Amino acid sequence: MESFSTAAGAMDSGSGKPEVVAAYQSKEAKQARLQSMLAALLDDPILADVPRKPSLADVDTLINLELGSAMRLSVVKLDNTSFEVAVLNSATVKDLKLAIRKKINEIEQEQMGHRHISWKHVWDNYCLTHHNEKLINDNSALSAYGVRNNSKVCFSPHVMSRVHRKHSRRRKHRFFHGLSRKT
């Protein structure tokens, strides 16, 4: 009880508040120094491939790229512009799609601000190809298609067959179907 009253007395006298404010300001100062140091590092031309707000996975992939356990791929869009993504050597088609999604969202954010892209629509109507072979199976490894470091992957139009779309012909049943009959 005595320690509580001593602490309360210190807070009442005003000596506790400056310590809290000083600790908060030093934490802000450390954060500001860290942000300025990170900005200076990212402006270095050697680190030009590091995204502006890198995640741990981004940094890990770039480190693996330098170590040779990741690959850089060039992705060609339908308008013949391209961009590069980095994925691990053991990556699947799904991993590549996620990397493309992240990179395009990043590019769109820089150029136009917030914009929503329906990726379900994109993958329903387009697929990735490598040497005219469609990368359709999301769970297969990129290496199975011959994709290597510095390979080129292209978007191409893709129409799914009716079998894969799984549309059902089942009629919608109404819960009270008997009530609509005329008697």
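Trainee: Where does His-116 lie?

Mentor: This is a predicted model. In it, His-116 sits in the loop between H4 and H5.

Trainee: Is His-116 buried or exposed?

Mentor: His-116 is exposed, its relative accessible area being 67%. Its C-alpha atom is 8.5 Å from that of Asn-105, a residue 11 places away along the chain.

Trainee: What happens to the backbone just after H4?

Mentor: Gly-113 follows H4 directly and takes a positive phi of about 80°.

Trainee: How does the span of H4 agree with its 20 residues?

Mentor: A rise of 1.5 Å a residue gives an expected span of 28 Å for H4. The C-alpha atoms at its ends are 28 Å apart, so the two values agree.

Trainee: Which residues of H4 are buried?

Mentor: They are Val-93, Leu-96, Lys-97, Ala-99, Ile-100, Ile-104 and Glu-108. Viewed down the axis of H4, the buried residues fall within an arc of 165°, so they line one face of the helix.

Trainee: What covers the buried residues of H4?

Mentor: The cover includes strands E1, E2, E3, E4 and E5, together with H5. Leu-96 gives a residue-level view: among the residues it touches are Leu-73, Val-85, Leu-128, Leu-135 and Val-153.

Trainee: Which residues have the most contacts inside the largest nonpolar core?

Mentor: Leu-73, Leu-96, Ile-100 and Leu-142 do, in a core of 23 residues. At least two residues of this core come from each of E1, E2, H4, H5 and E5. H4 gives the most, with five residues. Leu-96 also touches two of the other residues named here, Leu-73 and Leu-142.

Trainee: On to charged residues. How many salt bridges does a search of the whole structure find?

Mentor: The general idea is that side chains of opposite charge can pair when their charged atoms come close. Here the search of the whole structure finds three salt bridges.

Trainee: Which residue forms a salt bridge with Arg-72?

Mentor: Glu-84 does, with 3.8 Å between the closest N and O atoms. That pair links distant parts of the chain, since Arg-72 is in strand E1 (residues 70-76) and Glu-84 in strand E2 (residues 82-88), 12 residues apart. Glu-84 is partly exposed, at a relative accessible area of 43%.

Trainee: Which residue forms a salt bridge with Lys-97?

Mentor: Asp-138 does, and the closest N and O atoms are 2.8 Å apart. This pair also links distant parts of the chain: Lys-97 belongs to helix H4 (residues 93-112), while Asp-138 is in the loop between E4 and E5, 41 residues apart. Lys-97 is buried, with a relative accessible area of 14%, whereas Asp-138 is partly exposed at 29%.

Trainee: How far apart, N to O, are the side chains of Lys-120 and Asp-124 in their salt bridge?

Mentor: The distance is 3.1 Å. Lys-120 and Asp-124 are four residues apart in helix H5 (residues 119-125), so about one helical turn separates them. Lys-120 counts as exposed, at 62% relative accessibility, and Asp-124 as partly exposed, at 27%.

Trainee: Last, the cysteines. What does the count of disulfides come to?

Mentor: The count comes to zero, where a disulfide would need two cysteine sulfur atoms within 2.5 Å. Cys-127 is buried, with a relative accessible area of 5%. Cys-154 counts as partly exposed, at 25% relative accessibility.

How values were computed
Residues are numbered from 1 along each chain as its sequence is written. This is a predicted model: local features need pLDDT of at least 70, side-chain atom pairs count only at pLDDT 80 or more; totals for chains, interfaces and linings use all residues. Side-chain values use heavy atoms; hydrogens and water are left out. A salt bridge is a side-chain nitrogen of Lys or Arg within 4 Å of a carboxyl oxygen of Asp or Glu. Buried means under 20% relative accessible area, exposed over 50%, partly exposed in between (1.4 Å probe, protein chains only). The expected span of a helix is 1.5 Å times one less than its number of residues. The arc is that of the directions from the helix axis to the C-beta atoms. Contact means heavy atoms within 4.5 Å. A nonpolar core is a set of buried Ala, Val, Leu, Ile, Met, Phe, Trp, Tyr and Cys residues joined through side-chain atoms within 4.5 Å. Lists of a residue's contacts leave out its neighbours within four places in sequence.
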